[in-house]
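The following paragraphs lead through a few chosen places in the structure, beginning with a single residue and moving on to the contact between chains and the packing of two helices.

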Amino acid sequence: MPTDLRINGKTHQVDLPDDVPLLWVLRDEVGLTGTKFGCGVAACGACTVHIDGEAVRSCQVALSDVWGEVTTIEGLGTPDAMAAIQQAWVEHQVAQCGYCQSGQIMQAASLLAENPAPSDSEIDEAMQGNLCRCGTYPRIRAAIHSAAQKMQEA
Amino acid sequence: MASFKKIARRSFLIGSAAIVGGVAFGAYYVSRPAPNPLKPAEGEAAFNPFVMISNDKITLIAPRAEMGQGVHTTWAALIAEELDVTLDQVEVIHGPAATAYYNSALLGEVIPSKGYDKSRFVHSLGEALGHAGKLMDMQVTGGSSSMKDGYERMRAAGASARETLKLAAANRLGIASSQLSTRDGKVIAPGNVEIAYTELAAEAAGLEPVEAQLRHRSEWKLLGKAQPRVDMPGKATGTAKFGIDIRLPGMKFAALKANPHLGGAMNGFDASEALQMPGVEQVVDLGNAFAVVGSNTWLAIQATEAVAADWGPAPIPGTQAEIHNAIRAAFDAEPNSTLRDDGDVSALPQGAQEVSAEYEVPFLAHATMEPLNATALYDGSKLQLWSGNQGPLLTRNHCADASGIEPEQVEVNTLLMGGGFGRRGEMDFSVYAAKLARQMRGTPVQLTWSREEDMTHDFYRPGAMARMRGAVKDGSAVLLDGQIASQALTPQLMSRWFGMTPAGPDTALVDGAFNQPYGIPNYRIRGHAADLQVPIGAWRSVGASFNGFFMESFMDEMAHAAGADPLEFRLTLTRQEWAPAAKVLETVKEMSGWTGNAPDGVGRGVAMTYSFGTPVAQVIEVAEEDGLIRLKKAWIAADLGVALDPQNLEAQMFGGMAYGLSAAMFGEITFAEGAAEQGNFPDYDAIRMHTMPEVEVRILEEQSHISGAGEPGTPPAAPALANALFDLTGKRARRLPLMHDFDLLI
């Protein structure tokens, strides 16, 4: 039976078995490839998206369990109209291979929504589920602080 | 073509004097330029294989794998510097697989000299051997070689295109080229007349390329300064396309399952249950693996578990203990190499104190963030392939072989890589996709590996052991005699890539040990090749990653035995041998405020490794917090000779260190019945936000040659941490990963 999903402000009708994880609905059905497959077991955070503003691992949310509006990295901002957090990522030249960064940015965006001025230990706490094999962590931390400051000034 | 291959085989004898004759001939033969693979359309000009200008666009070709190291940006900056364009005016693409894109620096690195003491003869030998790269289809990204390779050639490509454009403008205006200048993609003529390069493309297309002198460094506008990376906006917005993101009309999604017993055969499989599962369309035999093809990657992955396959056994020992013993047994066999033998290590110098220790490190997976994958379409005459790979020509040739077609029938599209670290220099993931597409004529198919497939079918960083013997006297080292036992990498790699096994010593086995800039009067390093068939491969700095740990841990042990400060001990020995190595040590000493006396509850360790032309020193500080050990701070100094982009080099240095720390703390692959026992990040973790130290980097330019950046940050990480743990706890780490022996914060 087709399921209606609200993704980045649009409604998508998908016809897939109930247990297909949201990650694979987004990537292989809807064609939103910004959300990445890393491990399939919620151990790396590459697949992080927001459901009703909350950061979740989309590899662990079955299609039938999606409880609200989904926001992916594509819904956060575009190359021509980046969100403040994305601008901070560019300003600090965070990405190396870049594969984990969609998930890092979505996780950081939800942190800042809850906590507009996170401390280093709060960043540690919120971001430790997001793996980066390139080791970009120092610049992720700097970009989060800088986005926090910009968002408070705005 | 046949004679090309013959020359290549003859000239590719690694580490033997036979190189000279072979390469001299080879070098003569390959000095002729390779054909330009760019096929300009009407009104476009392809000035050389690296610069293409049409009436509305300037395109620079950066034919090296972008796997996070920023190569597309810095490569383009080399061209742009001389072409007089800014990076926001151009499009940077990877371009096709072509011989013109051979790597002239990579092969030059395999000659068994120490490197830092490059004599003119050895240097020219390295360059000549590099030209043989063209014969070997070596459009390869690896060995931290891109900037060494591109530094002069790419500036020359930009300069030549600029002068050709000026000539086109001069012809149009009827004045001499010398009256013209260039700026921001335009030719400037007297009277403030400006002509955009794009307007000159058609006229310039008909001209012979003009050669030009390279500008002096003092005139650089882009190089030497931080450039915003061209791939950054895409990577911050999820719009960058990695291999796994390719979507083609009518494309099917497939999942791979290969024999977990590495190197074993597939004797057959029963797919009847899997074929009943939702979204599954077919199960395809790929030789020693099968692919489930369907409408969704996840459904395909689920169905692979429902296929009952009959797997043959692996041709490697059944237990980890037997593998360990096979490596240990290599010590008793004749050495594969003695690439350094200074002085006489047979006798203990009079009055010296002997020190000895044994070390061991495990096999390691690459664990790139993007699991392996490739996409292919076979239309009956042509195979199109989309894959993130570090060797497009080899990929083309291997896919052609596997599909029973000619290399010319294969088109390789190289995409962004979600990490490479050496793993994407292999062809297996592309070949599986090609084989699958060959059996699905007319239908594009993307073949993805689950994380478990990726981790259990790696070409692993080899496990290795070391027996170190040394002697100290009057506060310094007077003898170092090291034996390294591990599988030899080069023969396995060459056999897979080229179907040939080079003779001679394997430099990779002892890299990071024999070639260290320490002036120890009696200094010998022997490599012992283990008789073992575990699939091994290049892994960010490979040999230097384990030898760095062996050497620098042992240097620390010797320093303590000598009653010397570990940093001063290294400084004395490097000052005698090679000043740039001493300089990076002095720099981390200053940066970290090194006193040799860390306060209670704090430990500090230092290490310095010279690899891929670059000396890198690191100091790591650890502290005990709530009964657990936390990495607090790291200081890195590296000498790149010429720092083309300091901000990007900083990222490579702390990123390389992070990769080394991940392995040092957590990385370990073990085998049972020839199958890897770790399959996903919960069993094979890495450094994370809360375990990564704060880091400061300083980039130096003291040495005379430009050197590599992608790998040299990795080797000193493990020993610097191990030495810090010794400083904190008094316990010496002689095996990795450290999580087994220390209470690390995880």
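In this predicted model, a convenient starting point is B:Ile520, which is found in the loop that runs between helix H15 (507–510) and strand E21 (522–529) of chain B. With 24 other C-beta atoms within 10 Å, B:Ile520 counts as buried, because the threshold for that class is 20 or more. Once its neighbours within four places in sequence are set aside, B:Ile520 is in contact with B:Ala477, B:Val478, B:Leu479, B:Leu480 and B:Leu573. For one of these partners, B:Leu573, the C-alpha atom is separated from that of B:Ile520 by 6.7 Å, although the two residues are 53 residues apart along the chain.

We turn next to the contact between the chains. Chain A contributes 50 residues to it and chain B contributes 52 residues. On the side of chain A that touches chain B, the elements that give two or more residues are helices H1 (22–30), H2 (73–76), H3 (84–91), H4 (101–114), H5 (120–127) and H6 (137–153) of chain A. The residues on this side of chain A comprise 28 nonpolar, 17 polar and five charged.

Within chain B, helix H5 (residues 146–173) packs with helix H6 (residues 197–205) at an angle of about 85°, their axes lying 9 Å apart. H5(B) is therefore roughly perpendicular to H6(B), since angles of 65 to 115 degrees fall in that class. From H5(B), the contact draws on B:Thr164, B:Leu165, B:Ala168, B:Ala169, B:Asn171 and B:Arg172, and from H6(B) on B:Tyr197, B:Leu200, B:Glu203 and B:Ala204. Sorted by class, the residues in the contact of H5(B) with H6(B) are six nonpolar, two polar and two charged.

How values were computed:
Residues numbered from 1 in each chain as written. Chains lettered and ligands numbered in written order. Predicted model: local features only at pLDDT ≥ 70, side-chain atom pairs only at ≥ 80, totals over all residues. Helix = DSSP H or I, 4+ residues; strand = E, 2+ residues; numbered from the N terminus. Buried ≥ 20, exposed ≤ 12 C-beta atoms within 10 Å, placed from the backbone. Contact = placed C-beta atoms within 7 Å. Nonpolar A, V, L, I, M, F, W, Y, C, P; charged D, E, K, R; others polar. Axes fitted to C-alpha atoms, helices over the stretch in contact; angles between N-to-C directions. Parallel < 35°, antiparallel > 145°, perpendicular 65-115°, else oblique.
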